[in-house]
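User: Could you take a close look at one part of this model for me? I would like to understand how the two chains meet.

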2 protein chains.
Amino acid sequence: MESGSQSEGLGAFGWWLVAVSQALGMSMVVLTGVWMGQYHGGFSWDGSAHQFNIHPFCMVLGLFLYGDGVLVYRVFRNESKRPVKMLHALIHVMSMIIFLIGIVAVFGFHSSNKIPDMYSLHSWCGLATFIGFCIQWLMGFGFFLFPVASAWLRAWYLPLHKFFGVLMFALMTMSCLLGITEKLLFALPSTYSKFLPEGVLANCLGVLLLLFAALLGYLVTREEYRRPPNPEEEPLSVHFKTLNEEAASPRGSLTSP
Amino acid sequence: MESGSQSEGLGAFGWWLVAVSQALGMSMVVLTGVWMGQYHGGFSWDGSAHQFNIHPFCMVLGLFLYGDGVLVYRVFRNESKRPVKMLHALIHVMSMIIFLIGIVAVFGFHSSNKIPDMYSLHSWCGLATFIGFCIQWLMGFGFFLFPVASAWLRAWYLPLHKFFGVLMFALMTMSCLLGITEKLLFALPSTYSKFLPEGVLANCLGVLLLLFAALLGYLVTREEYRRPPNPEEEPLSVHFKTLNEEAASPRGSLTSP
């Protein structure tokens, strides 16, 4: 059964992992809502701490969407390439808008409360990641959706796009965890060490984020889960390398003798 | 020149990246030493805050060594496989011992100062990563250095070992960044936001750690930098998949027409 599910790529086993990743993703969004709602008074756009609360919620929701935007290449691995590309770009635009709302929310909160901006490692990492994500999105659009780049240029850029896509995802997760730590040390400076419910809940949120990122990372980098090549669909495919890889065949190398 | 350096794998271009990674690695170790030495009174094993200072220094040094332990497969990509494997295992044992000293140092400091253990997200991530690293090392030793596992079992485990190796590296980096944020918020609760030298220095340390991790991640996952297969060396090589990959040939697919 193990080798059967491996040889089918995203067969029975892979779908379970996708289902678990979605459960983790939804749990982390809900848990962020509960944390900000139950322990910090909920959400509003009025310059108060309630406006700050929008920031973690948007960043976690944006991360979930970003991960799913990468995952579409695995989930829709047997569909036509172009609609999947467009879905990938579209989900990432949505994720970018949600990140932007989260960033504007915290800058607005700082400005209303005379709190300096951009002094913490969290803010440095977070903003650099957001800028990197925007550049990555524009490059992806230019190279793969807009018919400008040559097949050679696309083939040159594809592995970089994939590497930086996974790197951005890791940096987003890291920025979220740094944000959780900052928030806990600001909110519970003397009681974080007492294992109070809020501290434990926020730590669990961090663990969920890590599990989501690790599982997504596994699903999108595992060789057998790669999109199978379709030479008829793309005669000038940027994936010509894949055509030569045994791993991309229905019977992957791991099931070879 | 570009395609020439790509086709040579770790040719001129790759060596520059390796050199930059080592410069980043050494800078981050020195910067941690400066941070703990200049701003927190240096090191000693006496239960005081000076004992705590050993913790960040060891964790950053251990991370540098861990990264280099992975990099040996790229740097010595044309050497015999077995000595490289042993070097990989040996560097990781050294890294593990240094991590352990760092962990014992902080537990000892907590115990001497009646500070609770294991309440923060940093401690949860850090300890889970260390335990994961130990398990990963033992599995690697059992599968690849101790002649027990069959070729099939090795081939099954190899991609998992690689994935979890990179994941552990990402988690170690993340744990270090969480530690930097914690330390800054404990040490400078009201002045971190004033861009004082200590805060900026520690933020820069975080950025160096991220750059080191990103560059190492690139060097060890880039297809063209993979170790070329040597069928004579290992007739039952676990890398039989690689033999079928055009990318592993001296002229990689990216230089194809």
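Analyst: Happy to help; here is a walk through the contact between the chains.

This is a predicted model, where local features need pLDDT of at least 70, side-chain atom pairs count only at pLDDT 80 or more, and totals for chains, interfaces and linings use all residues. Residues are numbered from 1 along each chain as its sequence is written, while chains are lettered from A and ligands numbered from 1 in the order in which they are written.

Let's begin with how the copies are related. Chain A superposes on chain B (by least squares on the C-alpha atoms of residues with pLDDT of at least 70 in both) after a rotation of 180 degrees with 0.0 Å of shift along its axis, at an RMSD of 0.0 Å. That is the relation of a two-fold axis. The same surface serves both copies, as 100% of the contact residues of chain A recur in chain B.

Now the contact itself. Chain A brings 42 residues to it and chain B brings 42 residues, with residues in contact if their C-beta atoms, placed from the backbone, lie within 7 Å. On the side of chain A that touches chain B, the elements giving two or more residues are helix 6 (121–145), helix 7 (151–187), helix 8 (197–221) and helix 9 (240–243) of chain A. Helices here are DSSP runs (H or I, at least four residues), numbered from the N terminus. Helix 7 of chain A gives the most to that side, with 13 residues.

By class, the side of chain A that touches chain B has 26 nonpolar, 11 polar and five charged residues. Ala, Val, Leu, Ile, Met, Phe, Trp, Tyr, Cys and Pro count as nonpolar, Asp, Glu, Lys and Arg as charged, and the others, Gly among them, as polar.

Key. Contact = placed C-beta atoms within 7 Å.
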